[in-house]
Amino acid sequence: MADTTHLKITGMTCKHCVMNAKKAIEAVAGVDSVEVTLEPGGAVIVGSADKENLIAAVTTAGYEAELAN
Ligand code: 9UX
């Protein structure tokens with residue numbers, strides 16, 4: 001069953017940051033779709049991806065993430 005994960009993301013300051021975070025999240029196993037917003041900084045991910053893997057991907061891309069739901 002597809003799960004939805006909401007992340008709060010901090011450290012994104014421009015539209016390219018949003019694209020970087022989106023690509024990083026899309027590369028995580030189990031992600032079906034993702035929308036990333038700059039203001040407020042966040043992401044909504046649909047799929048079966050492990051939540052810690054999602055946070056790790058955003059962190060590796062250079063931003064900070066925490067679960068928002
Ligand atoms: Mo914009 Mo973000 O020039 O990591 S890409 S600040």
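Which strand holds Asp32? Asp32 sits in strand β2, which covers residues 31–37. I will come back to that residue after the overall picture. Please keep in mind that this is a predicted model.

First, the fold. The chain contains two helices and four strands. Read from the N terminus, the order of elements is β-α-β-β-α-β.

Next, the dimensions. The C-alpha trace spans about 35 × 20 × 15 Å along its principal axes. The chain has 69 residues, and a compact globule with that many would have a radius of gyration near 11 Å. For the chain the value is 10 Å, so the two agree.

How much of the chain is buried? The share is 35% of the 69 residues. The accessible surface of the chain amounts to about 4,100 Å², and carbon and sulfur atoms account for 54% of that. On contacts, take the ones between residues at least 6 apart in sequence: 61% of these join residues at least 24 apart.

Now two residues in strands, beginning with Asp32 in β2. Is Asp32 buried or exposed? Its relative accessible area is 59%, and the cut-off for exposed is over 50%, so Asp32 counts as exposed. Leaving aside residues up to four places away in sequence, Asp32 touches Ala2, Val46 and Gly47. There is also a distance to note for Ser48: Asp32 and Ser48 are 16 residues apart in sequence, and their C-alpha atoms are 7.8 Å apart in space.

The second residue is Thr5, in strand β1, residues 3–10. Thr5 has a relative accessibility of 1%. Buried means under 20%, so Thr5 counts as buried. What does the side chain of Thr5 pair with? The side chain of Lys51 is the partner, through a polar contact of 2.8 Å.

Last, the ligand. Which residues are around it? They are Thr13, Cys14, His16, Cys17, Asn20 and Tyr63. By class, this shell has three nonpolar residues, three polar and no charged. For Tyr63 there is a distance to report: an N or O atom in the Tyr63 side chain is 2.6 Å from an oxygen atom of the ligand.

To recap the residues: Asp32 in β2 is exposed, Thr5 in β1 is buried and its side chain makes a polar contact with that of Lys51, and Tyr63 is one of the residues around the ligand. That is what I have for today.

Terms used:
Residues numbered from 1 in each chain as written. Predicted model: local features only at pLDDT ≥ 70, side-chain atom pairs only at ≥ 80, totals over all residues. Heavy atoms only, no water. Near = heavy atom within 4 Å. Polar contact = N/O pair within 3.5 Å; in protein donor to acceptor, adjacent residues only side chain to side chain. Nonpolar A, V, L, I, M, F, W, Y, C, P; charged D, E, K, R; others polar. Rg over C-alpha atoms; globule rule 2.2 N^0.38 Å. Buried < 20%, exposed > 50% of the residue type's maximum accessible area, 1.4 Å probe, protein only. Contact = heavy atoms within 4.5 Å. Areas by Shrake-Rupley, 256 points an atom, 1.4 Å probe, with all protein chains shown as cover.
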